[in-house]
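Dear colleague,

I am passing on the structure we spoke of, together with some notes on what turned up in it. Please look through it with the notes beside you.

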2 protein chains.
Amino acid sequence: MTSVGRKAPVAEAVPRVTGRLPFALDAALPGMLHGAILRSPHAHAVIIRVDASRAALIPGVVAVLTGDDIRDGPLAPTYGPVLPDRPLVAFDRVRFAGEPVAAVAAVDRDAAAAALDAIEVEYDPLPSAVTAEEAAEADAPVIHDRIPEREFKTFPDLVLHPGIDKNVCNYFRLRKGDVDFALRDAAHVFAAVYRTAPQQHGNLEPHVTLAQIDRGGATIWTSSAAPFTVRAQVAETLRFPAARVRVIVPNVGGAYGAKTYPRLEPLVAALSWKTGGRPVRVELTRAEEFYTICRHAATVFLTTGVDRDGVIVARKARILWAAGAYADISPRLIKNGGYSAAGPYRIPNVTIDSYAMYTNTTPAGGFRGYGVPQVAWAYERQMDEIAADLGIDSLELRRRNLVHDGDTFATGQVMEDIHLDELLDDAAGAIGWPGTTTHGVPESRIARGRGLACIVKTTVTPSTSTAGLRLEEDGSLTVLTSTVEVGQGSRTVLAQIAADAVGVDVDRVRVTYPDTATTPWDQTTSSSRSTLMMGGAIRKAGDELRRQIAELASDMLEVAAGDVVIESGRASIVGSPDRSVELGSLVRRARAGNLLAYATNRSVGSLDPETGQGVVTPHFYQATAAAEVDVDLETGHVSIVNLQTRTWAGRTVHPTLAELQGEGNMVFGAGQALFEEVVYDGGQIVNANLADYQLPSIRDLGPQWTAEIREAPAGEARIHGLGESGAAAVPAAIGNAVADAIGAPIRELPLRPERILETIRARRTDAAGAREEVWR
Amino acid sequence: MTSVGRKAPVAEAVPRVTGRLPFALDAALPGMLHGAILRSPHAHAVIIRVDASRAALIPGVVAVLTGDDIRDGPLAPTYGPVLPDRPLVAFDRVRFAGEPVAAVAAVDRDAAAAALDAIEVEYDPLPSAVTAEEAAEADAPVIHDRIPEREFKTFPDLVLHPGIDKNVCNYFRLRKGDVDFALRDAAHVFAAVYRTAPQQHGNLEPHVTLAQIDRGGATIWTSSAAPFTVRAQVAETLRFPAARVRVIVPNVGGAYGAKTYPRLEPLVAALSWKTGGRPVRVELTRAEEFYTICRHAATVFLTTGVDRDGVIVARKARILWAAGAYADISPRLIKNGGYSAAGPYRIPNVTIDSYAMYTNTTPAGGFRGYGVPQVAWAYERQMDEIAADLGIDSLELRRRNLVHDGDTFATGQVMEDIHLDELLDDAAGAIGWPGTTTHGVPESRIARGRGLACIVKTTVTPSTSTAGLRLEEDGSLTVLTSTVEVGQGSRTVLAQIAADAVGVDVDRVRVTYPDTATTPWDQTTSSSRSTLMMGGAIRKAGDELRRQIAELASDMLEVAAGDVVIESGRASIVGSPDRSVELGSLVRRARAGNLLAYATNRSVGSLDPETGQGVVTPHFYQATAAAEVDVDLETGHVSIVNLQTRTWAGRTVHPTLAELQGEGNMVFGAGQALFEEVVYDGGQIVNANLADYQLPSIRDLGPQWTAEIREAPAGEARIHGLGESGAAAVPAAIGNAVADAIGAPIRELPLRPERILETIRARRTDAAGAREEVWR
């Protein structure tokens with residue numbers, strides 16, 4: 001009777017719904033100070049002068065941190081997960097509106113607010129570049145004069161091509177086959193530009209950090225999905241040994257990529273340091289979230305050559321990603337987004353150039369899908385444009401090109417465990433495909449359309465997770481892990497995997513919360529990797545623990561260790577279930593307090609820096625989406641009529657939690673497709689609040705939807721991750737449906753009514769409009 | 001350049017002295033309730049009725065826990081580390097004044113206090129027995145009708161002889177040789193009764209516990225010196241798997257034995273359970289500390305036979321310990337106190353009977369010295385009485401009897417690493433012994449006297465500690481341990497041991513705080529065992545970590561692993577220090593996040609239940625004391641003129657911390673000798689406050705004192721513990737000095753002026769008064 005595959009009780013369900021679950025938001029220490037951040041009103045400016053002298057005199061103000069403390073102080077002045085290009089607070093220039101310029105710590109919020117008001121900053125404004133395309137222009141302002149590098153690389157396997165041109169933070173290139181030759185030879189060539197907008201993550205719990213720094217070390221309570229990454233960064237900032245920095249992460253109230261890299265912790269640590277060691281807490285306002293992180297806006301110049309039957313012979317992609325003012329994780333994201341632009345198709349000749357462009361905007365980072373939604377929007381939209389142009393059913397066109405087991409990905413990696421045909425047919429069938437398309441009610445203002453999309457997504461590689469299992473004196477089991485519970489249910493899922501890995505009941509398993517001082521190292525809780533990688537580490541540790549148990553039981557039951565069976569908390573002799581011993585009793589006899597086993601799970605892979613060829617993932621996550629929409633031709637409003645996703649799970653650990661992930665992906669995809677956009681005007685965000693920036697809800701999915709998780713039969717399948725796949729497929733499916741409805745190519749997200757109306761007005765029924773000259 | 005033996009910076013010294021060090025006292029959770037305890041006014045009574053209905057209606061009161069919840073509820077109704085004889089709250093009878101009868105949880109302290117006032121309890125008082133001698137009388141009330149036993153024993157090696165007679169909780173017996181024969185044959189036989197008083201531990205931080213219990217598990221923040229013992233007890237109380245109970249222990253503000261076993265946690269856990277899972281915090285008042293734990297009062301009937309030269313030929317001890325109303329740890333303490341009654345002397349024939357007697361008083365537990373001060377008071381006082389009677393110098397008498405390497409202890413264990421001769425000579429010499437004794441100024445009211453004492457003390461056996469060492473990505477080191485920092489400096493000392501065990505600088509080492517969810521199992525922080533046992537575990541883990549480092553370095557430096565030298569954070573080739581690699585660089589190459597090593601350190605031993613013969617300790621701690629005092633013959637006031645202790649350390653890890661332990665032992669010993677006593681009147685404590693119960697301070701030591709730690713040369717010596725030894729020797733040394741000054745036997749502690757005056761008045765210069773008939 002295994003736990004995996006069953007609806008085990010969700011960990012802490014009752015305290016979660018009754019508001020008693022502790023989050024970093026709840027962390028408090030005696031004598032704690034309230035921190036607040038002064039932010040730049042300018043998108044780009046030289047800082048002439050920061051005068052905090054009046055602020056420091058305000059009663060209750062304990063410390064004011066400015067660029068003066070940072071520029072020549074004992075701390076590392078800049079930080080960043082790949083390139084340390086971001087100042088703790090700006091000290092020479094500000095590079096985006098909302099960038100921290102100073103921070104204060106005070107005994108209460110009022111004193112902190114008064115201090116912010118009292119800090120005088122004099123700026124000399126500079127011209128700014130808001131989009132990646134603007135930043136690439138010849139007369140664009142230079143945002144960074146110099147891109148700093150780190151002595152030892154945080155991501156040793158990451159291909160870095162920094163600074164080849166003005167405002168290029170970093171780029172990635174992929175070369176496979178001979179694209180120019182193949183395009184010359186192709187029966188048809190399609191080329192167009194596809195754009196997506198910056199988005200806000202909308203995590204319910206804002207970024208919040210409580211830091212206490214003293215000479216002996218640092219302790220940080222923070223809402224982060226990557227405690228060890230925070231530890232490394234804070235240690236670097238404070239120039240402390242890593243062992244003396246302790247990062248504690250309770251439950252996290254939503255992350256989606258917003259909390260994978262340090263964006264607040266180094267500053268709060270520096271502020272606590274400035275107070276001489278007082279605990280300082282900073283909780284961002286909702287507006288400040290918009291100045292902290294966003295999804296990359298992307299411009300994808302995509303050229304695809306096909307033969308007479310629509311079989312793709314070559315693809316060329318040039319992608320500009322708006323990285324924002326600082327590198328953050330862009331160098332890695334544009335690599336993933338880069339090679340993913342070839343899509344889940346068999347293409348012998350591929351050229352990709354992917355550029356992280358510095359822009360005078362909020363720094364961009366990972367966001368559910370990690371670059372794939374942006375490029376999938378391009379390649380799946382173009383797929384429909386090709387189908388329309390060639391008069392091939394778009395499901396059929398995809399079938400002719402989809403990869404199968406044994407095919408190679410754009411990076412040359414041989415693919416396996418691929419189920420896209422089945423997933424696509426299934427999603428399409430669920431909206432009545434092929435069937436006849438009724439383009440709305442004739443003569444009515446409502447046009448109906450349908451669209452499909454399919455994607456593959458990799459997970460961060462190389463990748464390492466360590467897990468410990470501790471069998472306690474009563475036979476209950478502790479899972480030592482630093483996986484972060486971000487709401488995805490990892491505490492439940494990992495407990496299930498551990499229960500089966502050892503042979504105990506899941507209600508006797510408890511999973512730890514991350515605490516870098518004590519829980520084992522894990523790379524990050526992101527990239528749909530925890531169930532796969534941490535689950536694998538737990539299974540390996542389970543093997544070792546079972547070996548220890550079998551050895552002890554072998555002595556006690558007087559049989560060979562190989563004849564010991566462990567299940568439901570008992571060790572028994574194979575074939576003689578009545579000769580058994582309770583696991584707790586074995587532990588007590590061992591006199592060690594408990595039995596302990598640790599294991600590390602690694603996936604390996606790297607890319608050739610010149611060609612982008614190599615192994616990129618231990619498994620390709622797969623999802624398909626099918627959408628049916630109604631477009632109001634008078635208002636431009638899009639309503640989803642039917643939305644379907646199909647995601648490959650290998651084997652599902654917890655059916656309910658998996659289904660919720662699928663539904664979350666749908667909602668996120670719908671939001672990106674229909675209305676989510678951080679809107680800039682002259683370098684200023686004009687909708688930095690949740691009234692003007694609308695987050696999607698399940699109601700936006702309309703009357704009919706199913707997020708189905710597809711499994712292989714138990715025993716045949718490996719457990720994969722599924723937290724992002726659907727989100728990458730949904731926007732393109734919806735966009736394709738809208739294009740189908742209005743009979744015109746739509747090439748920019750979100751599908752805001754005004755954009756739809758504009759397209760309808762300029763309706764170009766000829767899909768060959770996609771045969772534009774490719775942008776170089 | 002090793003760290004052990006040097007004055008490394010004391011961990012968290014600055015936050016400790018600036019009030020920023022977090023204690024359990026500081027723990028807080030959102031929505032936390034304040035708990036308060038209603039206590040019995042009677043020493044012994046039947047509970048007729050508890051009516052909490054009015055209390056429950058008071059605004060702000062969330063829960064009231066009474067015997068009704070406990071008697072037939074889902075929780076385990078009773079608890080206790082050895083015998084589960086203590087109710088969470090009393091439900092049929094109260095057995096001591098101050099016993100919890102009900103507990104309330106309310107939104108603030110005022111509501112909690114009002115609720116306590118509103119609970120109506122009806123009692124039917126019973127006769128009570130306050131001292132162990134009273135409890136042993138034929139007409140004493142029966143305090144427990146039945147002594148419950150636990151299904152599986154918490155201390156599997158503990159010899160238990162429960163309930164052989166009325167009010168005997170448990171007893172221990174030791175039989176070596178033929179005492180009756182030897183006494184008949186002895187040249188002289190001395191027999192007398194020696195008494196010590198109950199004491200309060202006086203820990204600066206009171207007992208304080210914050211508990212949050214929900215269906216998923218329990219989390220407990222508590223001021224405890226034994227987190228895993230608390231975990232086991234709370235799991236038993238709540239009937240939860242141990243893995244689902246998490247006990248977190250920050251810094252502890254003094255323990256001294258008061259916090260080694262659960263005395264508050266089960267009740268607070270039950271109270272949180274009663275609220276339906278709200279966090280509940282209970283902090284004891286100073287008065288409540290007196291109703292929580294004390295040192296055992298003891299009555300020692302000691303008979304010693306010597307030959308003509310004063311060489312001891314036989315000893316018989318019968319000891320009654322006042323265990324208080326519940327067993328707590330008495331069954332183990334009376335074993336240690338029992339076999340220790342033979343003292344550090346070569347005695348071929350020994351009979352010991354040691355009884356834990358239930359009394360209607362606060363339960364007694366371990367207290368610095370763990371039973372040795374009480375019996376050392378008896379055997380060292382009697383030594384001086386024998387010396388006086390036989391006209392032998394009391395230093396010389398001791399020399400003739402002291403054990404040496406190769407001699408056997410009372411339990412038959414062969415002793416080694418014994419340095420008592422040297423320690424005793426040295427202490428005696430420091431007060432001018434032998435020299436002439438001026439018994440004060442002739443004709444003045446001041447009499448001066450001198451006294452010596454020496455003891456051995458065992459540490460809990462069998463004993464297990466597990467430690468983990470984690471070498472981080474920058475070569476800094478985390479020590480994973482559940483040793484509790486109770487102010488003794490374990491966080492500094494264990495860091496030093498770890499630094500040397502691996503070969504890194506101590507300022508790059510950080511030691512974890514205990515958290516049962518994540519830090520490795522440890523038996524307890526008590527019994528002077530942490531430096532010895534946890535230090536040993538760390539050294540073993542260090543060996544394993546060095547093996548891993550050497551293997552990696554061997555690959556990298558291209559030499560055999562055996563030729564790798566690890567020191568100061570670098571691995572180099574033996575003889576070629578320039579060919580080296582920084583440890584962090586090795587860790588980063590290993591791509592596991594860090595290197596991890598765990599090790600368990602065990603000591604073994606057990607006693608024959610019939611004879612008390614066997615192995616009791618991995619090492620005998622040794623201390624001697626010498627005192628010179630002035631006694632004011634008019635007021636009975638004793639002033640210490642010179643106090644000296646000598647303690648064997650093997651090797652000192654941190655000179656300052658060791659010295660502070662020695663001084664603490666002196667102060668504790670002086671308090672016990674001179675004035676500390678929990679005074680009962682009719683079953684009521686009359687001095688349950690720190691005005692009437694006086695704690696000693698360093699000023700009570702008088703003008704001249706040295707607590708010297710003696711070491712073997714580095715390299716020759718093992719590291720031992722030294723946190724209790726001196727405290728056991730000091731009271732007898734002071735008592736002997738007072739007896740010497742007034743020329744009369746003093747046989748009861750503390751040496752309060754009225755007691756001295758009474759003895760002077762009844763002065764019996766004939767020390768043969770000790771030749772009383774032995775109490776049977």
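Two residues are in contact when heavy atoms of theirs lie within 4.5 Å of each other. Please keep in mind throughout that this is a predicted model.

With that meaning of contact, I would begin with B:Gln672, which sits in helix α17 (residues 655-674) of chain B. Once its neighbours within four places in sequence are set aside, B:Gln672 is in contact with B:Gln199, B:Arg295, B:Pro373, B:Pro731, B:Leu749 and B:Pro750. With B:Gln199 there is also a polar contact from side chain to side chain, at 3.2 Å. The relative accessibility of B:Gln672 is 3%, and B:Gln672 therefore counts as buried.

Two further residues of chain B may be read in the same way. B:His419 is placed in the loop between α12 (394-401) and α13 (420-430) of chain B, and with a relative accessibility of 17% B:His419 counts as buried. Apart from neighbours within four places in sequence, B:His419 is in contact with B:Gln622 and B:Trp648. From B:His419 to B:Val615 there are 196 residues in sequence, and the two C-alpha atoms are 20 Å apart in space.

B:Val564 belongs to strand β24 (residues 564-567) of chain B, and B:Val564 too counts as buried, at 12% relative accessibility. If residues up to four places away in sequence are not counted, B:Val564 touches B:Ala550, B:Ala553, B:Ser554, B:Val559, B:Ala571 and B:Ser572. B:Pro141, by contrast, is 423 residues from B:Val564 along the chain, and 71 Å separates their C-alpha atoms.

Turning to how the chains are arranged, a turn of 180° with a shift of 0.0 Å along the axis lays chain B on chain A with an RMSD of 0.0 Å, which is the relation of a two-fold axis. The C-alpha of chain B that is nearest this axis belongs to B:Thr518, at 2.9 Å from it. Both copies use the same surface, in that 100% of the contact residues of chain B recur in chain A.

In the interface itself, 61 residues of chain B are in contact with 61 residues of chain A. Between them the two chains bury about 4600 Å², of which 48% is on carbon and sulfur atoms. Of the area that chain B buries against chain A, 15% is supplied by B:Arg20, B:Arg510 and B:Arg591, more than by any other three residues.

Between chain B and chain A there are 34 residue pairs in polar contact, and four salt bridges are found across the interface. B:Arg231 forms a salt bridge with A:Glu472, with 2.7 Å between the closest N and O atoms. Strand β27 (residues 595-603) of chain B gives the most to the side of chain B that touches chain A, and its share is four residues.

Within chain A, helix α10 (residues 330-340) deserves a look, as 11 of its 11 residues are buried. Among these buried residues are A:Arg332, A:Lys335 and A:Tyr339. They pack against β9 (168-176), β17 (312-324), β18 (349-358), β19 (364-365) and α11 (372-390) of chain A.

One residue of strand β17 of chain A is A:Ile319, which is buried, with a relative accessible area of 0%. Leaving out neighbours within four places in sequence, A:Ile319 has contacts that include A:Gly337 and A:Gly338, and both of those glycines are listed among the buried residues of α10(A). A:Ile352, A:Tyr355 and A:Val375 are also among the contacts of A:Ile319. The C-alpha atoms of A:Ile319 and A:Gln374 are 9.7 Å apart in space, with their positions 55 residues apart in sequence.

Last, a word on the cysteines. The structure holds zero disulfides over all chains. For A:Cys294, which is in no disulfide, the nearest cysteine sulfur is that of A:Cys169, 14 Å away; a disulfide here would need the two sulfur atoms within 2.5 Å. A:Cys294 is buried, at a relative accessible area of 7%, and A:Cys454 likewise counts as buried, at 0% relative accessibility.

With best wishes

Note on methods: Residues are numbered from 1 along each chain as its sequence is written. Chains are lettered from A and ligands numbered from 1 in the order in which they are written. This is a predicted model: local features need pLDDT of at least 70, side-chain atom pairs count only at pLDDT 80 or more; totals for chains, interfaces and linings use all residues. Side-chain values use heavy atoms; hydrogens and water are left out. Buried means under 20% relative accessible area, exposed over 50%, partly exposed in between (1.4 Å probe, protein chains only). Copies are superposed by least squares on the C-alpha atoms of residues with pLDDT of at least 70 in both. Buried area is the accessible area (1.4 Å probe) that two parts lose on being put together, summed over both. A salt bridge is a side-chain nitrogen of Lys or Arg within 4 Å of a carboxyl oxygen of Asp or Glu. A polar contact is a pair of N or O atoms within 3.5 Å; within protein, one must be able to donate a hydrogen and the other to accept it, and residues adjacent in sequence count only if both atoms are side-chain atoms. Helices (H or I, at least four residues) and strands (E, at least two) are DSSP runs, numbered from the N terminus.
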